[in-house]
Amino acid sequence: LPFAQETYSQVTLTPVKYGVTIGITREMIEDSQFSVVEKNAATAGYALADKEDSLVADALSSGAGATVTGGGTISLANITEAMEDLESNGYMGTDMVLGTEVASDIRNLAGLTSANLSIAPTDLGIRLLGNIFGMNVVVSRNVTAKHALVIDRDHAYAIAEKRPVTLERFDDFLRDTHHIVATVRIATSVLQSNAIAKITTT
């Protein structure tokens, strides 16, 4: 039997720190009719998670190995062509990430019913629209509105997370202020461009 093994190349990801400091006076905490500290903490945490989402979306969009040019609205033929682009390179479409206008096209695509595809919401927590040809379909406002991305999640990209979204609190007694520091250290990179296909519409 011949000897054979996988070969590897090196990818260096350098995490970048993103963060914000929020200062809330004690009077604001005392006089507010809702928990202003928790509200600000949740907003900061969401903003950092949204930043991570945008970094992934930018990497996938710029690193796509194939582009399918659609018309005014996305079609089933566009979707199957993008899947074929992945499959011809040995990958499999596991997820489809939609820009907001393409998501609207999908919701109104009559062919989905005749093709017996599921578009019913199943998990609103991750904006999952449903399932098309076995792929999870999600919406991201960080993907260009008229674009869609078909990816093989096991091979398309990587995230280096040196510090997950972290919230820390401290009091500044001299200024009588409560502070929240929200930070994250992350980097993203495309691994296999042929595991990504981009669909564009007009």
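Student: How many residues apart in the chain are aspartate 50 and arginine 141, whose side chains meet in a salt bridge?
Tutor: The side chains of aspartate 50 and arginine 141 approach to 2.6 Å, N to O, and a salt bridge is a side-chain nitrogen of Lys or Arg within 4 Å of a carboxyl oxygen of Asp or Glu. The pair links distant parts of the chain, with aspartate 50 in helix α2 and arginine 141 in the loop between β5 (135-139) and β6 (147-151). Helices (H or I, at least four residues) and strands (E, at least two) are DSSP runs numbered from the N terminus. The separation of aspartate 50 and arginine 141 in the chain is 91 residues.

Student: What kind of model is this?
Tutor: Residues are numbered from 1 along each chain as its sequence is written, and side-chain values use heavy atoms, with hydrogens and water left out. Local features need pLDDT of at least 70, side-chain atom pairs count only at pLDDT 80 or more, and totals for chains, interfaces and linings use all residues, this being a predicted model.

Student: Is aspartate 50 buried or exposed?
Tutor: Buried means under 20% relative accessible area, exposed over 50%, and partly exposed in between (1.4 Å probe, protein chains only). Its salt-bridge partner arginine 141 has a relative accessible area of 54% and is therefore exposed. Aspartate 50 has a relative accessible area of 14%, so this residue is buried.

Student: Which strand holds the arginine that meets glutamate 38 in a salt bridge?
Tutor: Glutamate 38 and arginine 169 meet through their side chains at 3.6 Å, N to O. These two residues are 131 residues apart, glutamate 38 being in helix α2 (residues 36-62) and arginine 169 in strand β7 (residues 157-172). Both ends are partly exposed, glutamate 38 at 40% relative accessibility and arginine 169 at 46%. The strand that holds arginine 169 is β7.

Student: How far is lysine 198 from the nearest side chain of opposite charge?
Tutor: Lysine 198 lies in strand β9 (residues 196-200) and is buried, yet has no salt bridge. In assigning charge, Lys and Arg count as positive and Asp and Glu as negative, while His and the chain ends are not counted. The nearest side chain of opposite charge belongs to aspartate 58, at a distance of 9.9 Å.

Student: Which residue offers a backbone oxygen to a polar atom of the lysine 198 side chain?
Tutor: Contact means heavy atoms within 4.5 Å. Leaving aside neighbours within four places in sequence, the contacts of lysine 198 include Ala66, Val68, His147 and Ser61. The backbone oxygen found 3.2 Å from a polar atom of the lysine side chain is that of serine 61.

Student: Which residue of β9 is the bridge partner of valine 68?
Tutor: Side chains alternate along strand β2 (residues 66-69): Ala66 and Val68 point to one face and are buried, whereas Thr67 and Thr69 point to the other and are not. Strands β2 and β9 pair in the parallel sense over four bridges, pairing being assigned if DSSP finds at least two bridges between two strands. In β9, the partner of valine 68 is isoleucine 199.

Student: How far apart in space are glycine 63 and alanine 156, C-alpha to C-alpha?
Tutor: Glycine 63 lies in the loop between α2 and β2 and, at 16% relative accessibility, counts as buried. Not counting residues up to four places away in sequence, glycine 63 touches Val190, Ser193 and Ile196. Glycine 63 and alanine 156 are 93 residues apart in sequence, but their C-alpha separation is 9.1 Å.

Definitions and conventions: Polar contact = N/O pair within 3.5 Å; in protein donor to acceptor, adjacent residues only side chain to side chain.
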